[in-house]
Amino acid sequence: MDLSHILNHLGEDRERYFGAVAPPIVQSSIFAFPTVAAMRDGFRDELGHHVYTRGNNPTVAILRKKVAALEGAEDCLMFGSGAAAVSAGAIACVAGGDHVVCVARPYSWTRAVLQDLLGRFGVTTSFVDGTDVANFESALTDRTRLIVLESPNSMTFEQQDLAAVAKLATSRGIRTLCDNSWATPLNQSPIALGIDLVAHSATKYLNGHSDVVAGALCGRHEIIEEIFKGPFMTLGALLAPHDAWLMIRGLRTLSIRMQRIAATSAEVRAFLEAHPKVRKVYAPFASDNPQVALTAQQLRGSSGLLTLELDARDVAAVERFCDGLKRFLMTVSWGGYESLLFPVAAVHPADAPLQPPGALPLNLVRLSIGLEEPAVLIRDLEEALARL
Ligand SMILES: *Cc1c(COP(=O)(O)O)cnc(C)c1O
C-alpha cells in the first residue's frame, strides 16, 4: 500500500480545481445537468454521478476513495456517524424473521440497533463470546444472515479470529461486518481476511482531531451499491462536505499520529503494568493478554486505548484517581490528539444501552493516549495513583 500517496493525493484531481493543493469544499446540495439525457443518466446511477448531496458529493467522494484504498476495499460510503455506518450495514443485510450473531460486548449503540431497533421488526440477535470461533458456529440458525464483529472491542479488547469467522460465514452464505475502529486500517485489514463489510467510527482515529462525528462502511461494489440504494439514501445519514473536508485534513497525519500514539501507549502500558495499584491492564498488546497469538496473527500494531483495573477499595477511590488526573480530559469517545479518560463508574447502571448486561466492574478506567509527551502522562498517572 502506498500509504503516503493515499493520504496525501489519492482522489484529489487538482487539475479540475485550478491546481489548488487543498481540495475545495463543494458546498452544494444539488448538481445541474445540461440535458435531459444527462439527467436521466444521473438518475440511473446516482452513486456514479453528482445529483444530490444526500447521495454523492465531490468532496465526500475524495474521502471515500481514500478510506476504501486504506481498507483495501472496492468502495466505501461515508456517514454522519459511526453508529449510522454500522446501522446501515446491518439493516441492509437482514429482513423480518432473520437472525444475527454478534459479539458479546459490542459498542453500545451496535447492540442497540440489533437488539432494540431491528428487534422491533422481527430480527433476532444472539450475542456470543467471540473469542472462540466455535461459539459463532453453534449460534447459527438457518435464518442467520449476518455476523457482527468488533475486533478488538473498545473497552476490554476481546478479539475474534477474523479469517476463521469469515470462512465459516462464507461457507454458509452469511455476511460478515467488522467494526475496525480500534485498529484503524493501518493495523488490521479485515477485508483481506475475508470479511464482507468493514465499519469505522471515523470520529476516532481516522479524523483524529475530536472535531467531526463521522462513519465509514467499506466493501465490494455490489454490496456498497445495495447499501447506497437502500439504507444510505433512505436514512439520509450523510457526511456533510465541510466535515468530509476536515476529515481529509485529519487523515493526512493518520500514519504519524498512529506511530506516535503506539509508541507512547507502549511506554504508558509498561509503567501501569508494573504499578502496584493497578491490578490489570487490558490491551491487545498487554503482556498477559490470553489472545496474544491472535494479536500477532491479525494486528500489525497497537493503537492508544488501555483499560486499567484499579486496586481500589471503593468507588470513592476510583473517583479520587480520575478527578486527580490533570493531563487527561474526562469524556466519552477516543482516538483524538489529546489524552482522555473514561471511568466506567461514571455510567449509571440505569442508563441502558450505555451499560451492557453483565456490566463492567466500576474500577475500570479507560485511557485514550494522545500525542502528549509520554513522561508527562506517566507523571500525571503516578500522582493520581498515589491518591487511590
Ligand atoms: C464510537 C464508536 C462507534 C460509534 O461511532 P460514532 O461515530 O460515535 O457514531 C462505533 N463503534 C465503536 C467501536 C466506537 O468506539
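A residue counts as buried when its relative accessible area is under 20%, as exposed when that area is over 50%, and as partly exposed in between. With this yardstick, Ser 333 in the present structure, which is a predicted model, counts as partly exposed, because its relative accessibility is 28%. Ser 333 is found in the loop between strand 10 (329-330) and strand 11 (340-343). The backbone of Ser 333 also deserves a look, since its phi is near 65°, a positive value in a residue other than glycine.

Phe 18 offers a second case of this kind. Its phi is likewise near 65°, positive although the residue is not glycine. Phe 18 lies in the loop between helix 1 and helix 2 (36-44). Is Phe 18 buried or exposed? At 86% relative accessibility, which is over the 50% limit, Phe 18 counts as exposed. One further backbone feature concerns a proline: the peptide bond that runs from Ser 151 to Pro 152 is cis, and its omega is near -10°. Pro 152 belongs to the loop between strand 4 and helix 7 (162-171).

Attention now turns to the overall layout of the chain. The domain assignment divides the chain into domain 1, covering 3-251, and domain 2, covering 254-385. The C-alpha centres of these two domains are 27 Å apart. Where domain 1 and domain 2 meet, 40 residues of domain 1 are in contact with 40 residues of domain 2. Together the two domains bury about 3,400 Å² between them, and 60% of this area is on carbon and sulfur atoms. Which three residues of domain 1 supply more of the area it buries against domain 2 than any other three? They are Met 155, Trp 182 and Tyr 205, which together supply 24% of that area.

What kinds of contact cross this interface can be asked next. Between domain 1 and domain 2 the rule finds zero salt bridges. Polar contacts are found, however: 21 residue pairs across the interface are in polar contact, with both partners at pLDDT 80 or more. On the side of domain 1 that touches domain 2, the elements giving two or more residues are helix 1 (3-8), helix 5 (108-117), helix 8 (184-187) and helix 10 (241-251). Sorted by type, the residues of this side comprise 17 nonpolar, 18 polar and five charged ones.

Helix 5, one of the elements just named, can also be viewed from its buried residues. These are Ser 108, Thr 110, Arg 111, Ala 112, Val 113 and Leu 114. Among the elements that cover them are helix 4 (82-93), strand 2 (99-103), strand 3 (124-128) and strand 4 (144-150).

Although the rule finds zero salt bridges across the domain interface, the structure as a whole holds 18. Side chains of opposite charge can pair when their charged atoms come close. A good example to find in the structure is the salt bridge of Glu 12 with Lys 66, whose closest N and O atoms are 2.6 Å apart. Glu 12 lies in the loop between helix 1 and helix 2, whereas Lys 66 lies in helix 3 (residues 58-71), so this pair ties together parts that are 54 residues apart in sequence. Glu 12 counts as buried because its relative accessible area is 9%. Lys 66 is buried as well, with a relative accessibility of 0%. Glu 12 and Lys 66 also take part in a network of salt bridges that links them with Arg 14 and Arg 252.

Arg 145 and Asp 98 form another salt bridge, with an N to O distance of 3.9 Å. This pair, too, links distant parts of the chain, as Arg 145 is in strand 4 and Asp 98 in the loop between helix 4 and strand 2, 47 residues apart. How accessible are the two partners? Arg 145 is partly exposed at 32% relative accessibility, whereas Asp 98 is buried at 5%.

The pair of Glu 225 and Lys 229 lies within one helix. Their side chains meet in a salt bridge at 3.8 Å, N to O. Both residues belong to helix 9 (residues 221-235), where they are four residues apart, about one turn of the helix. Glu 225 is partly exposed, with a relative accessible area of 30%, and Lys 229 counts as exposed at 57%.

Terms used:
Residues numbered from 1 in each chain as written. Predicted model: local features only at pLDDT ≥ 70, side-chain atom pairs only at ≥ 80, totals over all residues. Heavy atoms only, no water. Domains from an automatic or database assignment. Contact = heavy atoms within 4.5 Å. Buried area = accessible area lost by both parts, 1.4 Å probe. Salt bridge = Lys/Arg side-chain N within 4 Å of Asp/Glu carboxyl O. Polar contact = N/O pair within 3.5 Å; in protein donor to acceptor, adjacent residues only side chain to side chain. Nonpolar A, V, L, I, M, F, W, Y, C, P; charged D, E, K, R; others polar. Buried < 20%, exposed > 50% of the residue type's maximum accessible area, 1.4 Å probe, protein only.
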